[in-house]
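Open the model in your viewer and keep the selection box ready. This tour goes stop by stop: what to select, then what is there.

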Amino acid sequence: MRHAIDNVRSSLVTPAAPSFSFVPGAADSPVILHVPHSAREIPAGVRAGIVLDDGALERELDHITDSHTAEIAEAAARLASVTPWRFVNRLSRLVVDPERFPDEREEMLAVGMGAVYTRTTHREVLRPRETDPEPLVARYFRPYAQAMTDAVAERLAAVGRAVVVDVHSYPTEPLPYELHGEGPRPPVCLGTDAFHTPPELLAAARKAFGEAVGEIGLDSPFAGAYVPLEHYGKEPRVSALMVEIRRDTYMTEPGGPAGPGLTRLASALAALVDTVTG
């Protein structure tokens, strides 16, 4: 399995496959910080299929991007006693969203935001409705999913368990695309999975972020946690938690600079990493 992961890492330096970065951590760390939505980059060939003009696209990126979450994860990795591994999407989720189901199981298809989006955060046209998602799924989604699957398998082989912590953010006010935006919007929302989020992981996150920001919510406005499909619902040694940070706690919305809250949140994430690493 080490050989497979090394092949993935070496391919990332080539122009043909710049879509994600897998940053090694300590050999004995079970933790993978997963950052899927922090980037704004869109390859030229993909940009050609998006109907928004440049100004409108920049505004959409401001709303849809989990800005600065890669920096939060990077800072947390530096602060942690045992360095976690980091898997970071280098491309905007407007290319593909690696956390969606690539088929009819995805509920966000109802608002044109499956693995390949055809609508914006404000439900305007992003791509023509008849766009075939398969080329983008084949080029970007499947290699990403396989690399994450391999990364988790490597942690299982190395230390006997894997802990995937998704690092996300969300706007203070709900956007029109949100299917469940009417619920609470706490400073930090923890997304859970009935099979893959054990009580001790949730308790560690509540403690770490509660001390940093106070109010902690559960599965509102976003729910669930990312686990590669090969392991989903099958492998209890894979645990997962989604950390959704409300953007006003660390940045200027929408799409603006980070503020001092970033350091506080990175410290909280590092504390979570340390607790679950043991």
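The stops below cover a helix, several salt bridges, a few buried residues, a pocket and a cavity in this predicted model.

**Stop 1: helix α3**

Select residues 54-64, which form helix α3. Which of its residues are buried? They are Ala56, Leu57, Glu60, Leu61, Asp62 and Ile64. Now add residues 44-47. This is α2, and it is part of what covers the buried residues of α3.

Step back to Asp53. It caps the N-terminal end of α3. Draw a distance from its side-chain oxygen to the backbone nitrogen of Gly55: the gap is 3.2 Å.

**Stop 2: the salt bridge on α3**

Stay on the helix and select Glu58 with Arg40. Their side chains form a salt bridge, 2.9 Å from N to O. The pair ties together distant parts of the chain, with the partners 18 residues apart. Arg40 sits in the loop between β2 (31-35) and α2, while Glu58 belongs to α3.

Buried or partly exposed: what are the two partners? Arg40 has 29% relative accessibility, so it counts as partly exposed. Glu58 reaches 43%, so it is also classed as partly exposed.

**Stop 3: two further pairs**

Select Arg185 and Glu178. They form a salt bridge whose closest N and O atoms are 2.9 Å apart. Arg185 has a relative accessible area of 14%, so it is buried. Glu178 is at 9% and therefore counts as buried.

Next, select Asp248 and Arg246. This salt bridge brings N and O to 2.7 Å at their closest. Asp248 is partly exposed because its relative accessible area is 38%. Arg246, at 17%, counts as buried.

Now return to Arg40 and Glu58, and add Asp62. Salt bridges with shared partners join Arg40, Glu58 and Asp62 into one network. Across the structure, the count comes to 14 salt bridges.

**Stop 4: a charged residue without a salt bridge**

Select Arg86. It lies in strand β3, residues 85-89. Arg86 is buried, yet it has no salt bridge. How far away is the nearest side chain of opposite charge? That side chain is Glu74, at 4.8 Å. The cut-off for a salt bridge is 4 Å, so a pair at a greater distance is not counted.

Show the surroundings of Arg86. Beyond its neighbours within four places in sequence, Arg86 is in contact with Ser21, Phe22, Val23, Leu33, Ala73, Glu74 and Ala77.

**Stop 5: Ala270**

Move to helix α7, residues 261-277, and pick Ala270. Its relative accessibility is 3%, so Ala270 counts as buried. What does Ala270 touch, leaving out residues up to four places away in sequence? Ala76, Leu79 and Ala80.

For a sense of scale, add Tyr117. Ala270 and Tyr117 are 153 residues apart in sequence, and their C-alpha atoms are 33 Å apart.

**Stop 6: His231**

Select His231, in the loop between β6 (216-218) and β7. With a relative accessible area of 7%, it is buried. Add Thr149, which is 82 residues away along the chain. The C-alpha atoms of His231 and Thr149 are separated by 8.0 Å.

Which residues does His231 touch, not counting those up to four places away in sequence? They are Thr149, Val152, Ala153, Leu156, His196 and Val238.

**Stop 7: the largest pocket**

Switch on a pocket surface. The largest pocket has a volume of about 1,000 Å³. Its lining comprises 46 residues, and the closest to the centre are Glu99, Arg100, Phe101, Glu106 and Ala223.

Colour by secondary structure. α5 (134-159), β4 (162-170) and β7 (238-246) each supply at least two lining residues. α5 gives the most, with five.

**Stop 8: the cavity**

Finish with the enclosed space. The structure holds one cavity of 30 Å³ or more. The largest cavity contains about 50 Å³ of space. To see its lining, select Ser19, Asn89, Leu91, Ser92, Val95, Val96, Tyr140 and Tyr144.

Terms used. Residues are numbered from 1 along each chain as its sequence is written. This is a predicted model: local features need pLDDT of at least 70, side-chain atom pairs count only at pLDDT 80 or more; totals for chains, interfaces and linings use all residues. Side-chain values use heavy atoms; hydrogens and water are left out. Buried means under 20% relative accessible area, exposed over 50%, partly exposed in between (1.4 Å probe, protein chains only). Helices (H or I, at least four residues) and strands (E, at least two) are DSSP runs, numbered from the N terminus. Contact means heavy atoms within 4.5 Å. A polar contact is a pair of N or O atoms within 3.5 Å; within protein, one must be able to donate a hydrogen and the other to accept it, and residues adjacent in sequence count only if both atoms are side-chain atoms. Lys and Arg count as positive and Asp and Glu as negative; His and the chain ends are not counted. On a 1 Å grid over the protein atoms alone, a cavity is a set of points where a 1.4 Å probe fits but cannot get out, and a pocket is an open set with protein on both sides within 12 Å along at least five of seven lines; lining residues have an atom within 4 Å of a point. Grid points are joined across faces, edges and corners, and a volume is the space filled by probe spheres set on the points.
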